[in-house]
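Below is a short reading note for a colleague who is meeting this structure for the first time. Please keep the coordinates open while going through the points.

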Amino acid sequence: MKKLIYLVPIVVLAALAVMFTVGLGRDPKTIPSVLIDRPVPSFALEALPDRGKPLSSTDLTGQVTLVNIFGSWCVACIAEHPILVNISKTGEVPIHGIAWREKDPRDAMRWLGRHGDPYDRVGHDADSRVAIDFGVTGAPETFVVDPKGVIRYKHIGPVTTEVWENTLKPLIAQLRKSP
Amino acid sequence: MTRFLLPIIAVMMAASPVAAVQPDEMLADPVMELRAREISKELRCVVCQNESIDESNAELARDLRLVVRDRLMQGDADDQVIKYVVDRYGDYVLLRPPFKASTYILWFGPLLFAVLAVFGGWRFYKARGGSAIAATVAAESAPPPLSAEERRKLDKLLKDTDGAGDTA
């Protein structure tokens with residue numbers, strides 16, 4: 001029994017090794033959101049020039065919606081954009097956009113002209129006030145909002161086909177069945 | 001002495017962390033501005049995570065600095081401003097972890113390990129001075145008892161030595 005004590009350092013080392021190995025795979029940029037299961041912050045954003053359909057918090061009730069934070073300056077947004085365009089073509093779920101921190105809102109319009117416009121409504125958040133209310137740490141980020149206007153999920157980083165098929169789509173189906 | 005010290009102090013002051021606050025962000029009232037700076041130093045920049053928003057050049061940090069100043073101008077107390085940001089980004093944005101149930105291990109962990117180390121050391125020395133380990137070590141290093149045959153040989157040898165006088 002006494003000899004078991006000599007195993008303690010090895011056990012501690014093994015535990016640390018496991019901890020650090022798991023930690024290596026984690027992205028330190030993903031900060032757990034405190035907004036999950038809280039109502040969307042109340043806001044009213046102006047539309048992009050000549051696009052119409054501005055976005056405010058009252059537009060986020062009545063049905064399940066996606067809210068996507070993007071910007072014409074955001075490189076990762078280009079990567080996820082074709083997937084959003086595809087989702088909007090299937091008509092599965094309305095996607096609303098928040099064009100975040102555009103120096104000139106016309107940049108966002110040009111960007112949507114070039115890459116396609118999957119959005120129903122788009123609001124322009126020039127001074128980050130709404131992005132900060134959403135606890136956004138970077139673009140792109142995508143929120144799933146239930147029919148009561150409560151945030152149910154936040155995806156940090158580009159939406160990939162896997163994220164859509166494995167996470168967002170099942171969640172949306174589930175929220176429609178039992179909100 | 002001051003002739004030496006003054007330049008050194010001047011250089012050290014120049015090397016102190018430089019804030020990222022731009023002149024156009026600053027509040028006109030220096031007292032309010034000072035409060036904003038103190039609050040900003042407590043808040044983590046969520047983009048470049050080991051800097052406070054006071055030090056960070058990230059655009060989101062700038063936007064947060066402006067929010068802090070905005071809240072102050074609207075009459076918020078310092079802790080209300082901090083609560084405003086924590087409500088949106090969680091305890092994560094606090095550079096000083098709050099003291100609460102989920103962070104007890106953080107605050108008490110070092111103390112716990114110190115107590116364990118002292119206790120372990122005390123046990124070790126007590127055992128070594130008195131009984132436990134010493135006895136174990138003695139038991140383990142003691143040779144096996146002599147067999148009857150060996151005992152007989154040894155007795156014979158000892159008797160011989162006695163007869164031959166002191167040769168040891």
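**Notes on the two chains**

1. A good place to begin is Val145(A), which, once residues up to four places away in sequence are left aside, touches Val40(A), Leu60(A), Val64(A), Thr65(A), Val67(A), Val150(A), Ile151(A) and Arg152(A). Please bear in mind throughout that this is a predicted model.

2. Val145(A) also belongs to a wider nonpolar grouping, since it is named with Ile98(A), Ala131(A) and Leu64(B) among the residues that touch the most other members of the largest nonpolar core, a set of 55 residues. To this core the greatest contribution is made by α3(B), which gives six residues.

3. How many helices and strands does chain A have? The chain holds five helices and seven strands, and when it is read along the sequence these elements follow the order α-β-β-β-α-β-α-β-α-β-β-α.

4. As for overall dimensions, the C-alpha trace of chain A spans about 80 × 40 × 30 Å along its principal axes. The radius of gyration of chain A is 20 Å, whereas a compact globule of 179 residues would have a value near 16 Å.

5. Within chain A, 36% of the 179 residues are buried. Taking the contacts in chain A with a separation of 6 or more, one finds that 76% of them join residues that are 24 or more positions apart.

6. Turning to where the chains meet, the contact draws 13 residues from chain A and 13 residues from chain B. On the side of chain B that touches chain A, at least two residues are supplied by each of α3 (59-73) and α4 (78-89) of chain B, and the largest share, five residues, comes from α3(B). Sorted by class, that side of chain B consists of seven nonpolar, three polar and three charged residues.

7. A last point concerns Ala19(B), which lies in the loop between α1 (2-14) and α2 (30-42) of chain B. Not counting residues up to four places away in sequence, Ala19(B) touches Asp54(B) and Glu55(B), and the C-alpha atoms of Ala19(B) and Ser56(B) are separated by 7.5 Å although the two residues are 37 residues apart along the chain.

8. Why does Ala19(B) count as partly exposed? Ala19(B) has 15 C-beta neighbours inside 10 Å, and because a residue is called buried at 20 or more such neighbours and exposed at 12 or fewer, with partly exposed in between, Ala19(B) is placed in the partly exposed class.

Notes: Residues are numbered from 1 along each chain as its sequence is written. Chains are lettered from A and ligands numbered from 1 in the order in which they are written. This is a predicted model: local features need pLDDT of at least 70, side-chain atom pairs count only at pLDDT 80 or more; totals for chains, interfaces and linings use all residues. Two residues are in contact if their C-beta atoms, placed from the backbone, lie within 7 Å. Helices (H or I, at least four residues) and strands (E, at least two) are DSSP runs, numbered from the N terminus. Ala, Val, Leu, Ile, Met, Phe, Trp, Tyr, Cys and Pro count as nonpolar, Asp, Glu, Lys and Arg as charged, and the others, Gly among them, as polar. The radius of gyration is taken over C-alpha atoms; the globule rule is 2.2 Å times the number of residues to the power 0.38. A nonpolar core is a set of buried Ala, Val, Leu, Ile, Met, Phe, Trp, Tyr and Cys residues joined through C-beta atoms within 7 Å.
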